[in-house]
Amino acid sequence: SGFSQVQLTFLRFLAIAADDTANVLVCPQGRSCTVLWTNNGRAIADTTWTLFSLTIPSTAIPVSPVRIRFGLGPTRPGASGNTTAAGWAISNFELTGLPTDTASALAAKAGVPPRDPAESFFV
């Protein structure tokens with residue numbers, strides 16, 4: 001992947017009922033997805049945009065490219081049979097991380113000037 005200490009940060013507006021399922025997964029191409037976060041059956045009713053940050057373990061991104069999935073479901077009707085929750089709203093999606101030695105070595109081979117190790121990448 002070329003990066004370590006990868007963080008996924010976004011603003012979230014999430015509304016789900018108890019026993020519904022919401023999750024965030026990282027899915028490397030050709031490999032199984034890794035769950036980064038799940039609501040564990042808890043109801044969530046954000047009333048404002050909420051900053052949310054998740055660390056993506058290096059074992060979850062062994063190859064590029066990767067996809068980030070925001071899952072919703074299964075959802076179940078409420079006690080009255082007609083309760084509906086809004087689900088996910090996502091804004092300001094950002095991936096940041098530090099270049100690894102491998103990325104620095106590849107950049108050096110390509111003639112790219114060295115980067116500040118504290119510099120992040122943005123998608």
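**Exercise 1. The nonpolar core**

Task: In this predicted model, find which residues have the most contacts inside the largest nonpolar core, and which element gives the most to this core.

Solution: Start with the core itself, which has 19 residues. Inside this core, L8, V24, W37, L54 and I56 have the most contacts. Next, look at where the residues come from: β1, β2, β3, β5 and β7 (87-99) each give two or more. Finally, rank the elements: β1 gives the most, with five residues.

**Exercise 2. The surroundings of W37**

Task: Leaving aside neighbours within four places in sequence, list what W37 is in contact with.

Solution: Set those neighbours aside, then go along the chain. You should find R12, L14, A22, N23, V24, I44, F52, L54 and W88 in contact with W37. Two of these names return below: R12 and N23.

**Exercise 3. An open sheet**

Task: Work out the strand order of the open sheet of three strands, and name its edge strands.

Solution: Begin with β2 (residues 22-28) and β3, which run antiparallel and are joined by four bridges. For a check at residue level, take N23, whose bridge partner in β3 is T38. The full order is β3-β2-β6, with antiparallel pairing. β3 (34-38) and β6 (66-72) each pair on one side only, as edge strands. From one strand to the next, the twist averages 20°.

**Exercise 4. A salt bridge**

Task: Which residue forms a salt bridge with D46, and are the two buried or exposed?

Solution: The partner is R12, with the closest N and O atoms 2.8 Å apart. Now place them: D46 lies in the loop between β4 (44-45) and β5 (50-56), while R12 is in strand β1 (residues 3-16). The pair links distant parts of the chain, 34 residues apart. Both D46 and R12 are buried. The count of salt bridges comes to one.

Conventions
Residues are numbered from 1 along each chain as its sequence is written. This is a predicted model: local features need pLDDT of at least 70, side-chain atom pairs count only at pLDDT 80 or more; totals for chains, interfaces and linings use all residues. Side-chain values use heavy atoms; hydrogens and water are left out. A salt bridge is a side-chain nitrogen of Lys or Arg within 4 Å of a carboxyl oxygen of Asp or Glu. Buried means under 20% relative accessible area, exposed over 50%, partly exposed in between (1.4 Å probe, protein chains only). Two strands pair if DSSP finds at least two bridges between them. Axes are lines fitted to C-alpha atoms, for helices over the stretch in contact, and angles run from 0 to 180 degrees between N-to-C directions. A nonpolar core is a set of buried Ala, Val, Leu, Ile, Met, Phe, Trp, Tyr and Cys residues joined through side-chain atoms within 4.5 Å. Contact means heavy atoms within 4.5 Å.
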